[in-house]
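I opened the notebook with the model on screen. My plan was to look things up one at a time and write each down.

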Amino acid sequence: MNEIICDNLVFPECLRWREGQLWFVDMYDGKLMSVEPGKPTETLLDKDTILGGNGWLPDGRLIHCDQSSRK
C-alpha cells in the first residue's frame with residue numbers, strides 16, 4: 001500500500017535514507033528537507049537558489065550543493 005508522506009513539492013531530487021528519515025532537496029524551491037514517516041516534513045534550509053544534492057561527510061556533517069553559485 002502506498003502512502004503520501006509529503007506533498008506540495010516543486011521538484012524533489014537526491015533522495016537519501018539515513019537514520020530513519022528520508023532526506024532530499026526540493027531543487028527549484030531551494031529547500032533541503034527531511035521527513036520521518038508519521039511526522040511532519042522538516043525544512044532544514046530555505047535559500048533563494050537552486051539546490052542540486054545532499055550528502056554527509058565521514059564525520060556526519062550534512063552537506064548540500066548549490067547549483068546557482070556552483071558551490
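**Aromatic pairs.** I looked for paired rings first. The model is a predicted one, and the search gave two aromatic pairs. I followed up the pair of W23 and W56. Their ring centres are 5.3 Å apart and their planes stand at 90°. I call the pair edge-to-face, because that label needs planes over 60 degrees apart. The two partners come from distant parts of the chain. W23 sits in strand β2, and W56 sits in strand β5, residues 51–56. I noted a separation of 33 residues in sequence.

Then I checked the cover on each ring's residue. W23 has a relative accessibility of 11%, so I put W23 down as buried. W56 comes to 21%, and I entered W56 as partly exposed. The cut-off for buried is under 20%, so W56 at 21% does not count as buried.

**Q21.** I stayed in strand β2, where Q21 also lies. Is Q21 buried or exposed? Its relative accessible area is 18%, so Q21 counts as buried. I set aside neighbours within four places in sequence and listed the rest of its contacts. Q21 touches R16, S34, V35 and E36.

**M27.** Next I moved to the loop between β2 and β3, where M27 is found; strand β3 covers residues 31–35. M27 shows 10% relative accessibility, so I logged M27 as buried. What does M27 touch beyond its neighbours within four places in sequence? I found F11, E13, T49, I50, L51 and Q67. I also took one distance. From C-alpha to C-alpha, M27 and L9 are 9.2 Å apart, with their positions 18 residues apart in sequence.

**Backbone angles.** I turned to phi. Most residues other than glycine have a negative phi. I wrote down two residues that are positive. C14 has a phi of about 60° and is not a glycine. E19 has a phi of about 50° and is not a glycine either.

I compared their settings. C14 belongs to strand β1, residues 12–18. E19 lies in the loop between β1 and β2, the latter being residues 21–26. C14 is buried, with a relative accessible area of 15%. E19 is exposed at 68%.

**Whole chain.** Last, I stepped back to the overall fold. How many helices and strands are there? I counted zero helices and six strands. From the N terminus the order reads β-β-β-β-β-β. The radius of gyration is 12 Å, close to the 11 Å that the globule rule gives for 71 residues, so the protein is as compact as a globular protein of that length. Along its principal axes, the C-alpha trace spans about 40 × 30 × 15 Å.

I added the totals. Of the 71 residues, 27% count as buried. The accessible surface is about 5100 Å², and carbon and sulfur atoms hold 50% of that area. I looked at contacts between residues at least 6 apart in sequence, and 18% of them join residues at least 24 apart. For charges, I have 8 positive and 12 negative. The mean positions of the two sets are 8 Å apart.

Note on methods: Residues numbered from 1 in each chain as written. Predicted model: local features only at pLDDT ≥ 70, side-chain atom pairs only at ≥ 80, totals over all residues. Heavy atoms only, no water. Helix = DSSP H or I, 4+ residues; strand = E, 2+ residues; numbered from the N terminus. Rg over C-alpha atoms; globule rule 2.2 N^0.38 Å. Buried < 20%, exposed > 50% of the residue type's maximum accessible area, 1.4 Å probe, protein only. Contact = heavy atoms within 4.5 Å. Areas by Shrake-Rupley, 256 points an atom, 1.4 Å probe, with all protein chains shown as cover. Lys, Arg positive; Asp, Glu negative; His and termini not counted. Charge placed at Lys NZ, Arg CZ, Asp CG, Glu CD. Phe/Tyr/Trp six-rings, centres within 6.5 Å; stacked < 30°, edge-to-face > 60°.
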